[in-house]
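This briefing looks at the surroundings of a bound ligand and then at one serine in a loop. Please keep the structure in view while reading.

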Amino acid sequence: MSNDKISVALFGFGCVGQGLYDVLNHSEVLQANIAKICVKDRNKERKIGAENFTFEKNDILNRKDLDVVVEMINDTKEAFEIVSTAMKNGINVVSASKKMLAEYFEELYKLQEENKVALIYEGSAGGSIPIIRTLEEYYDNELLSSIRGILNGTTNYILTRMELESKDYGDVLKDAQESGFAEIDPWLDVAGFDTLYKTCLLAVHAFGVVLKPDQVLNLGIQNISFDDIRYAREKGLRIKLIGSAAKQGDKYRVFVMPRFVNKEDELYKILYEYNGVEVEGAFSCKQTFTGKGAGSHPTGSAVLSDISALTYRYKYAYKKLKKQRARLNGNYNAENLLDTDFAIKVYIRYTDKKELDALDIRNVVEEYRSPGVNFIIAEVGFKSLYALKGNRESKVFVCAVE
Ligand code: HSE
């Protein structure tokens, strides 16, 4: 790869792809030639000429003159096919597909080792915040104790506008979709799956912990109402959807859940589509990183930075992952990495008490009932909350009380 002009091919020309195209055209340092862009829809009108596009993935994957393949498509399986083929062909890859990266992490890690190629993915978590490389490089030797963050722009945008502008959930979600923040399937945003994928990726780079998304609890804000916002406001709190990973003895507590945060919490101040990540280390103490977490140009800029990093042969060293594997010596699995054996204090708003049957409620601290709103604050066995993960039937709203 020459530093003068690198040859890049793109898969996908949606929100992130177009953002990358723009930032690439404004970059004064990185000189890249976009060899071809592979897209799916033949009939869509696009802002650049048809000669830039192909509809056939092998037009790109069979080329021998490429330095980098950038994958930014929505279809998870197809994205994995493309990324793995490119890597097997010896091409370095940049990806922004958090779901694909989290779900196929083990396979992708192996492909990097076997084919001696780089796969980097800064745009997949935290939007424009350079968090993955920070965890990987800056904190490579620091003993981190926890990482927690607002990692989804859409839900933070919804929560902010509901609270500050008294806007209706459905209307604001629609605005988030129109602004290009939301996923094509917004359930992934509101039910906490997008935050889950990003949290899984951050756990790899913070702690060397690889977990499958289906092993990690994610609860979302899909059932939130103004009653919850009002309750928080009366107590001087805000509700934030937070993905966290924290060291607990030899294991890690990793989950995604709405949480009440107070004014002293750095994440309290993160509004609209901004993301914020707080990293806590034994010696560095708390540090918070903030920036736009969604949108075409912010995410495009993270992808551009990855392309640029490849020009100086950057790849993740995965030092912490290698260390954890050596420590667990053949027993590297969720059972030995993930701590789910604890109770957590949560606020639960419900309509019918039957909705609480599946939960292991151990100690009710506060109870409120009225004709319109019922809630309890209770210590709940963490494992029992998995009954609500991705559960479209359940209408309860659960929020961790810190
Ligand atoms: N839907 C995602 C979000 C896009 O709202 O954060 C950026 O990953």
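In this predicted model, a polar side-chain atom of Asn152 lies 3.4 Å from an oxygen atom of the ligand. Taken alone, the ligand exposes 260 Å², and the protein buries 94% of that. Two elements, α7 (153-165) and α10 (193-207), each give two or more residues to the shell around the ligand.

**The shell around the ligand**

- The residues that surround the ligand are Lys98, Asn152, Gly153, Thr154, Phe181, Ala182, Glu183, Asp189, Asp194, Lys198, Gly293 and Ala294.
- When this shell is sorted by class, it has 5 charged, 4 polar and 3 nonpolar residues.

**Other polar atoms facing the ligand**

- Lys98 has a polar side-chain atom that lies 2.7 Å from an oxygen atom of the ligand.
- Glu183 places a polar side-chain atom 2.6 Å from a nitrogen atom of the ligand.

**Ser124 and its surroundings**

- Ser124 is found in the loop that runs between β6 (119-120) and α6 (131-138).
- Is Ser124 buried or exposed? Ser124 counts as buried because its relative accessible area is 0%, and buried means under 20%.
- A polar atom of the Ser124 side chain lies 2.6 Å from the backbone oxygen of Tyr121.
- If its neighbours within four places in sequence are left aside, Ser124 is in contact with Ser95, Ala96, Lys98, Leu101, Ile132, Lys198 and Leu201.
- Among these contacts of Ser124 are Lys98 and Lys198, and both of these lysines also belong to the residues around the ligand.

Definitions and conventions: Residues numbered from 1 in each chain as written. Predicted model: local features only at pLDDT ≥ 70, side-chain atom pairs only at ≥ 80, totals over all residues. Heavy atoms only, no water. Helix = DSSP H or I, 4+ residues; strand = E, 2+ residues; numbered from the N terminus. Buried < 20%, exposed > 50% of the residue type's maximum accessible area, 1.4 Å probe, protein only. Polar contact = N/O pair within 3.5 Å; in protein donor to acceptor, adjacent residues only side chain to side chain. Contact = heavy atoms within 4.5 Å. Near = heavy atom within 4 Å. Areas by Shrake-Rupley, 256 points an atom, 1.4 Å probe, with all protein chains shown as cover. Nonpolar A, V, L, I, M, F, W, Y, C, P; charged D, E, K, R; others polar.
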